[in-house]
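Me: I have a structure to go through with you. Please take my questions in turn and keep the answers short.

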Amino acid sequence: MRRVLVPLCLALSAAPAAAWEAGRSGSICTLTHSDPEAGEIRLTHDPAGPLYTITVTRTEPWPEAPVFGIAFGGGAELTITTDRHILSDEGRALTVTDRGFGNVLAGLARNETATIFAGPAALTVSLEGAAPEVAAFAACELAPSV
């Protein structure tokens, strides 16, 4: 039995953990989080715009809803809502575009969870490890393009 359990434990511990990651795609700054159970979050910043986007993708379509929001909890609680969101990818991706994301970045950096919601649908993600990646994302426009 031990011969079966040891490889199984090693395989499970090697499974990729959900993580936040800042990066660049050309001149566009990116911040991503992917979790097979929760979905994917992708923020972009085009310093030339300046323009920010956040796209939250789930396996199930988001409902048509008049308001999209993010409720941050476990630190500096804050709820942000907007009616300026669009659906794409057969309703599975919800995107908001704006010229500033200061409250979103502060919420991601200073809290433990983010609950993203539209109508009756909600998705809660852990913000563990997000703060340093949010700082790198915020500083991205200061770095030369690669």
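Me: Which residues lie nearest the centre of the largest pocket?
Reply: This is a predicted model. In it, 14 residues line the largest pocket. The ones nearest its centre are Ile-80, Val-96, Asp-98, Phe-101 and Val-104.

Me: Which elements give two or more residues to the lining of the largest pocket?
Reply: The pocket has 14 lining residues. Two or more residues each come from E5, E6, E8 and H2.

Me: What is the make-up of the largest pocket's lining by class, and what is the pocket's volume?
Reply: The lining is mixed in class: 7 nonpolar, 5 polar and 2 charged residues. The volume of the largest pocket is about 200 Å³.

Me: Asp-98 forms a salt bridge with which residue?
Reply: Side chains of opposite charge can pair when their charged atoms come close. For Asp-98, the closest N and O atoms of the pair are 3.1 Å apart, inside the 4 Å cut-off for a salt bridge. The partner is Arg-84.

Me: How many residues apart in sequence are the parts that this pair ties together?
Reply: Asp-98 lies in strand E8, residues 93-98. Arg-84 lies in the loop between strand E6 (78-82) and strand E7 (85-88). The pair therefore ties together parts whose separation in sequence is 14 residues.

Me: Is Asp-98 buried, partly exposed or exposed?
Reply: Its relative accessible area is 24%. Buried would need a value under 20%, and exposed one over 50%. Asp-98 is therefore partly exposed.

Me: How many salt bridges does a search of the whole structure find?
Reply: One joins Asp-98 and Arg-84. Another joins Arg-92 and Asp-89, at 3.1 Å from N to O. Glu-90 also bridges to Arg-92, with the closest N and O atoms 3.3 Å apart. The search of the whole structure gives a total of 3.

Me: Which residues are linked in a network of salt bridges?
Reply: Arg-92 meets Asp-89 in one salt bridge. Arg-92 also forms one with Glu-90. The linked residues are Asp-89, Glu-90 and Arg-92.

Me: Is Glu-90 buried, partly exposed or exposed?
Reply: Its network partner Arg-92 is partly exposed at 24%. Asp-89 is partly exposed too, at 43%. Glu-90 has a relative accessible area of 68%, and the cut-off for exposed is over 50%. Glu-90 is therefore exposed.

Me: How many cavities of 30 Å³ or more are there, and how much space lies in the largest cavity?
Reply: Rolling a probe the size of a water molecule over the atoms shows where empty space is left. Here the search of the whole structure finds 1 cavity of 30 Å³ or more. The space in the largest cavity is about 40 Å³.

Me: How many nonpolar residues are in the lining of the largest cavity?
Reply: The lining residues are Ile-41, Leu-43, Ile-54, Ile-70, Phe-72, Val-104, Leu-108, Ala-114 and Ile-116. Strand E3 (39-46), strand E5 (68-73), helix H2 (102-110) and strand E9 (113-118) each give two or more residues. The lining has no polar and no charged residues. The nonpolar count is 9.

Me: Which are the edge strands of the open sheet?
Reply: The sheet has 6 strands in the order E1-E2-E3-E4-E8-E7, with antiparallel pairing. Neighbouring strands are turned by 20 degrees against each other on average, direction ignored. An edge strand pairs on one side only. The edge strands are E1 (19-25) and E7.

Me: Which residue in E2 is the bridge partner of Ala-19?
Reply: E1 and strand E2 (residues 28-35) run antiparallel and are joined by 7 bridges. In E2, the partner of Ala-19 is Ser-34.

How values were computed
Residues numbered from 1 in each chain as written. Predicted model: local features only at pLDDT ≥ 70, side-chain atom pairs only at ≥ 80, totals over all residues. Heavy atoms only, no water. Salt bridge = Lys/Arg side-chain N within 4 Å of Asp/Glu carboxyl O. Helix = DSSP H or I, 4+ residues; strand = E, 2+ residues; numbered from the N terminus. Buried < 20%, exposed > 50% of the residue type's maximum accessible area, 1.4 Å probe, protein only. 1 Å grid on protein atoms, 1.4 Å probe; cavity = no way out; pocket = protein on both sides within 12 Å on 5 of 7 lines; lining within 4 Å. Points joined across faces, edges and corners; volume = space filled by probe spheres on them. Nonpolar A, V, L, I, M, F, W, Y, C, P; charged D, E, K, R; others polar. Pairing = 2+ DSSP bridges. Axes fitted to C-alpha atoms, helices over the stretch in contact; angles between N-to-C directions.
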